[in-house]
Each structure stands twice: as C-alpha cells, then as structure tokens.
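Reader: Could you take me through how the parts of this model pack together, one question at a time?

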Amino acid sequence: MIKTILSYLFITISFCSFGQDSVRIHKCDQQNHSQEILLQNPEISKVRIQNERDIQNWLANKTVTTQSVISIPVVFHILYTTEEQNLSEPQILAQLEALNRDFRRNNPDTVLTPERFKSVATDTEIEFCLAIQTPDGYLTNGIIRKETSVKKIGETDKYYQPTQGGSQIWDPEVYLNIWVCEINDTLLGYTYLPGEANASFDGIVLNYQVCGSAFYISAPYNKGRTLAHEIGHWLNLEHPWGEEEGCGYDDKVSDTPLQEKPNYQCPNAIVISCNNAPNGDMHMNYMDYTFDQCQNSFTYGQKERMLATLNTNRKSLLSSIGCSLPDTTKLLEEVIDVFPNPTQTFLNIRFRLKESQNAAIIIFDITGKVIYHNNSIVEVERVSIDFSEFANGGYIVKVVTNDKNQIFKVLKTE
C-alpha cells in the first residue's frame, strides 16, 4: 500500500550523485509518518476532518480581492555529524531562492509545462524568507547549526530534542522549521499535514543531500524541489493520487487530474490513468515523484488550497514577525561570524554592536601559543586580520567583548 508507493525512485550507489538505474529511494515519506502518528493518536482523525471543513468553508466563502503576497519566515536547523553535512550559508540561500522561484512561478523551466496544463499552472503568491528575528526578539540569520553524534538523526525522534542531539523547534505558529540532516540513504524528506504534529516537531525534515540547487547538489534532485514538495504537504496538499494508490482517492484539488499512482524519473509521453485521457497525469507537478528536472508547476487549485490553509489551520503565520527587524534595544553584543573559513589571506570578524566598545582579539596556534593579540575600540561591523603570513594549519580565534568570550576554530590554507 503506502510502502509500495514509496519504493521506486533511483539513486546511484554513491548517494552524492543520484542516478537513474540503481538503488530505489523514497522521494517522500509523509504518508507513512501521517499513518504512524494516527495510530499513536486516533483523535488526530477528528482534527483532520475539522481542518478540511475549515478549508472548504474558507474556499466557499472567501471574497475575491487582490491577493497580497504572503511571506513565511523560515528557520533552518542544520544538524551535522560531518563537515559535509554542515551546509554553507550560500547553499542554504540557494535552496531558499529555488523555493521562491518555484512558488512564484519565476522558474525558467515554466516553458516546459505542457500546453494542455498551462492554463492551470500559476504563481502561488507565497514566498519564504530567512528569519531575521529570534523568538526572543534578537537578530538572527535564520540558520541554527548543531553538531550531533547521532547518526541518521532524521530517522529518529531525536532531531527536535536538544538533549538528545537535536535542535529545539522555534514556535511553529511563527516560523516554518526545517531540519536539514542525515536520513537513510533511500529517503529524501518528510513532514506532516497541519494538525498532525504537535508543537515540538511541526516542521519538515530534509535530507542534507537534496538541500540547495545546481552547483551545490547533484542530479536528479538538484533543483531544490524536494523541499517544495514537502512544503506543499505542510500547507495541506496531498500527492496527486490522494491518500492511497488507485482511482478511489484524489488530492481534493479540482484542476489536477485523477491519477492512479506516482510517476517516476521523467516520463517521455502522456501517462494515462484513471480515465484521465486525453491530458493524462500531471507528472510535472511538484507533488508527484518525478525528478526535479521534470517538475515545474503548482496549479491554481493547489494555490487556493494552500492559501486556505494559511487563512485557517496555519493562520498565525500571517501575523508572524519572524522576518521583521527586532527592537534595536535587544541587539546582541557579540560576534556574528568569522569568515572566510578556511582562509588564505584575510580573516574577517563581523560584529553586532549596540554601541562602540572594547574588544580583544586573540589568536592561538595549535600549540596554544599566542600569535596575535589586539585590543581596540570596535566601532565598525567588521574587522579584518591578515593571515597571509601565518603557516598553514589550524588556529583558535578568541574574541572578548564586554566580558563575553567567543571561540572559533579557523583553518589557514594555501
């Protein structure tokens, strides 16, 4: 049944480069997780029913207005056991940019949407922004990094438990939480429909190897569309075939054709199922299981369902201040980051300061010897230190501001 649905996509023996002719993988495990949580708590079925009533009521009674674009604050929890899994900020930003292109239908491959479906493909008018305000009202870059000793933590319930090696959720009524971490090599991601997960884990789990877009990750999941698929679920979209394979279910969206089962790879012809001729399955839809290069659209009906969800089951996000600048009186007096790392020439230390203040910068080599020590009045956002004459290897950079100590490991390379 559901497990059969999730057993067809292909990767190479080396998971870093997904191929088309070897080990089969699960594109998405949402249905399994939804079933499991329902078994644990049968009362959730009542929540699902009420949520659907709310959606249908909103759709039936909404007034036609000029839709303003909705922006959803996102926080990425990067859980890593190796440096490969500790994704860079540019890679995370590439994923966010891909997400916004796809949801706003600014993706260049819209030209590949078949003519028979172009009339229903649309801009969802939903966007995503990296959070710039923490739940406590401080500045943030929307990225949390945590080293963990738990292998494949995304397969366990530890990913959201800070005492078990995970990262604690930010209020899901204010943020979309995305845990990027190691999962089984045959799974790309999963989430829950609204109302299924409690406030401890109401978010998305994403395999770190499909977070990003081309240049950072390899085909066939190299356009960031696994996350688009999972966010669709998070906003109450189902797979095109509905709750189960077969023609007895649908996805509760009127402009997506009935579909018997998932499509895989890149179909090179019209796929007919459930008497949906002549147009066939909408296998280029983000909610199917095809490769990223073959997906390019959401429909108007899917847009309406997601907007209905944002006006009912996830209404609190409409008033979220996660992407608003915090009160400047709460700005942290600390170092934001040290970059580039590794460095070949200059090391930059970026500060966040309420006002000018004393700062001590001390650099130790691997033996613990102090090789740089500077006390100064910091009045700027960034200080640069020349590393070009330092020997290659590891260093410890210690920064002290207002009695706050921060330690960074830095690597000097050729």
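Reader: Which residues of α3 meet which residues of α6?

Author: This is a predicted model, in which local features need pLDDT of at least 70 and side-chain atom pairs count only at pLDDT 80 or more, while totals for chains, interfaces and linings use all residues. Residues are numbered from 1 along each chain as its sequence is written, and side-chain values use heavy atoms, with hydrogens and water left out. With contact taken as heavy atoms within 4.5 Å, the α3 side consists of Glu 52, Ile 55, Gln 56, Trp 58 and Leu 59. The residues they meet in α6 are Glu 304, Arg 305, Leu 307, Ala 308 and Thr 309.

Reader: How many nonpolar, polar and charged residues does the contact of α3 with α6 have?

Author: The classes are fixed by residue type: Ala, Val, Leu, Ile, Met, Phe, Trp, Tyr, Cys and Pro count as nonpolar, Asp, Glu, Lys and Arg as charged, and the others, Gly among them, as polar. Sorted in this way, the contact of α3 with α6 has 5 nonpolar, 2 polar and 3 charged residues.

Reader: At what angle do helix α3 and helix α6 pack, and how is that arrangement described?

Author: Axes are lines fitted to C-alpha atoms, for helices over the stretch in contact, and angles run from 0 to 180 degrees between N-to-C directions. Helix α3 (residues 44-61) and helix α6 (residues 300-310) have axes 9 Å apart and pack at an angle of about 110°. Angles under 35 degrees count as roughly parallel, over 145 as roughly antiparallel, 65 to 115 as roughly perpendicular and the rest as oblique, so α3 is roughly perpendicular to α6.

Reader: Is α6 mostly covered or mostly uncovered, and how many of its residues are buried?

Author: A residue is buried under 20% relative accessible area, exposed over 50% and partly exposed in between (1.4 Å probe, protein chains only). The elements covering the buried residues of α6 include α3, β3 (70-80), α4, β4 (126-130) and α5. The helix is mostly covered, the number of buried residues being 10 of its 11.

Reader: What is the orientation of α4 and α5 to each other, and which residues make their contact?

Author: The axes of helix α4 (residues 89-103) and helix α5 (residues 225-234) cross at roughly 60° and come within 9 Å, and the two helices are therefore oblique to each other. Their contact is made by Gln 95, Leu 99, Asp 102 and Phe 103 of α4, together with Arg 225, Leu 227, Ala 228 and Ile 231 of α5.

Reader: Where are the cis peptide bonds that involve Pro 340 and Pro 342?

Author: Pro 340 lies in the loop between β9 (334-339) and β10 (346-352), and the place of Pro 342 is likewise in the loop between β9 and β10. One cis bond, with omega near -10°, runs from Phe 339 to Pro 340. The other cis bond, with omega about 10°, joins Asn 341 and Pro 342.

Reader: Is Phe 215 buried or exposed?

Author: Phe 215 is found in the loop between β8 (204-207) and α5, and its phi is near 95°, a positive value in a residue other than glycine. With a relative accessible area of 75%, Phe 215 is exposed.

Reader: And what does Lys 152 count as in terms of accessibility?

Author: Lys 152, placed in the loop between β5 (143-147) and β6 (176-181), has a positive phi of about 50° although it is not a glycine. At 31% relative accessibility, Lys 152 counts as partly exposed.

Conventions. Helix = DSSP H or I, 4+ residues; strand = E, 2+ residues; numbered from the N terminus.
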